[in-house]
Amino acid sequence: MGFEMEYYFQLELIFRIFLAGVLGAVIGYERKNRDKSAGTRTHAMVCLGAALLMVISKYCFPDVADYDASRVASQIVSGVGFLGTGMIFVKNSTVSGLTTAAGVWTTAGIGMAVGAGAYWIGIAAALIMIVMQIVMHKMNPVFAENVRDNIKLTTDQYESVMKEIQEELNLKKNQVAKL
């Protein structure tokens, strides 16, 4: 490959990494707007990093005979899965962070697609992901999950306080379970 061809090829690889970072930032921006733990920077870095590793995996080992580029790609999937595990919390039998972890994992997949040169697949996946997040959030009653929490309350007027709390929660169609 001539110098000019190599130069343009390197520019295309840089563009892939840049595009992945932008797509990750757009996805993260949607998450940040709903105060989720992984926002713009996290999603941008995961997507950019996955694209970078994909580019390295596919194009940076021409001197290795019988090189299998899919090995690096498979490690991206498991590595980001490990990262997502740190975003999942269990407290009082309530799990939170699953959507965030799944979103970061999917964002890595988008970065891998863009890094591999599948621009339209990466862009389409990013748009589908953003639309799904927005639509499913706005259609909350359809996709809502039960939320449980515990409240510890100390009072010397238990009956009247419980009656007031129950009335308020009933107005909002919530339920209280006595422990």
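Begin by selecting T42, which touches M87 and V104 once residues up to four places away in sequence are set aside. The model on display is predicted. T42 belongs to helix 2, which covers residues 40–59. With a relative accessible area of 29%, T42 is partly exposed. Add T107 to the selection: the C-alpha atoms of T42 and T107 lie 9.9 Å apart in space, although 65 residues separate the two in sequence.

**The chain as a whole**

Now display the whole protein chain, which has seven helices and two strands. Followed from the N terminus, the elements run α-α-α-β-β-α-α-α-α. Of the 179 residues in the protein chain, 26% are buried. Among contacts in the protein chain with a separation of 6 or more, 61% are between residues 24 or more positions apart.

**H43, in helix 2**

Return to helix 2 and select H43, which is also placed there. Is H43 buried or exposed? H43 counts as buried, because its relative accessibility is 0%, and the cut-off for buried is under 20%. Next, show what surrounds H43. Apart from neighbours within four places in sequence, H43 is in contact with G24, I27, G28, R31, A38, G103, V104 and T107. V104 was met at the start of the tour, as a residue that T42 touches.

**S74 and helix 3**

Move to S74, which is in helix 3. The relative accessible area of S74 is 36%, so this residue is partly exposed. A C-alpha distance from S74 to M54 gives 9.9 Å, for residues 20 positions apart along the chain.

**Helix 3 against helix 4**

Keep helix 3 (residues 70–85) in view and add helix 4 (residues 98–115); the two pack at an angle of about 160°, and their axes are 9 Å apart. Helix 3 is therefore roughly antiparallel to helix 4, since angles over 145 degrees are classed in this way. The crossing of helix 3 past helix 4 is right-handed.

To see the contact itself, select A73, I76, V77, V80, G81, L83 and G84 on the helix 3 side, which meet A101, V104, W105, A108 and M112 on the helix 4 side. Colouring this contact by class shows 10 nonpolar residues, two polar residues and no charged ones.

**Helix 4 against helix 5**

Hide helix 3, keep helix 4, and add helix 5, which spans residues 119–138. The axes of helix 4 and helix 5 come within 7 Å and cross at roughly 160°. These two helices are therefore roughly antiparallel to each other. Helix 4 passes helix 5 in a left-handed crossing, whereas the crossing of helix 3 past helix 4 is right-handed.

Which residues of helix 4 and helix 5 meet? From helix 4, select T99, G103, T106, T107, I110, A113 and V114; from helix 5, select Y119, I121, G122, A125, A126, M129 and Q133. By class, the contact of helix 4 with helix 5 divides into eight nonpolar and six polar residues, with no charged residue.

**Helix 1 against helix 5**

Leave helix 5 displayed and bring in helix 1 (residues 3–32). The two helices pack at an angle of about 5°, with axes 10 Å apart. Helix 1 and helix 5 are therefore roughly parallel to each other, the class used for angles under 35 degrees. On helix 1 the contact is made by E12, F15, R16, L19, L23, V26, I27, E30 and R31, and on helix 5 by Y119, G122, I123, A126, M129, I130, Q133 and I134. The residues of this contact comprise 11 nonpolar, two polar and four charged.

**Q133, the last stop**

Finally, centre the view on Q133, which lies in helix 5. Q133 takes part in the contact of helix 4 with helix 5 and also in that of helix 1 with helix 5. With 15% relative accessibility, Q133 counts as buried. Setting aside neighbours within four places in sequence, the residues in contact with Q133 are E30, R31, R34 and T99. Draw the distance between the side chains of Q133 and R31: a polar contact of 3.1 Å joins them. R31 also appears among the contacts of H43, which leads back to helix 2.

Key:
Residues are numbered from 1 along each chain as its sequence is written. This is a predicted model: local features need pLDDT of at least 70, side-chain atom pairs count only at pLDDT 80 or more; totals for chains, interfaces and linings use all residues. Side-chain values use heavy atoms; hydrogens and water are left out. Axes are lines fitted to C-alpha atoms, for helices over the stretch in contact, and angles run from 0 to 180 degrees between N-to-C directions. Helices (H or I, at least four residues) and strands (E, at least two) are DSSP runs, numbered from the N terminus. Angles under 35 degrees count as roughly parallel, over 145 as roughly antiparallel, 65 to 115 as roughly perpendicular and the rest as oblique. A crossing is left-handed if the near helix is turned anticlockwise from the far one by less than a right angle, and right-handed if clockwise. Contact means heavy atoms within 4.5 Å. Ala, Val, Leu, Ile, Met, Phe, Trp, Tyr, Cys and Pro count as nonpolar, Asp, Glu, Lys and Arg as charged, and the others, Gly among them, as polar. Buried means under 20% relative accessible area, exposed over 50%, partly exposed in between (1.4 Å probe, protein chains only). A polar contact is a pair of N or O atoms within 3.5 Å; within protein, one must be able to donate a hydrogen and the other to accept it, and residues adjacent in sequence count only if both atoms are side-chain atoms.
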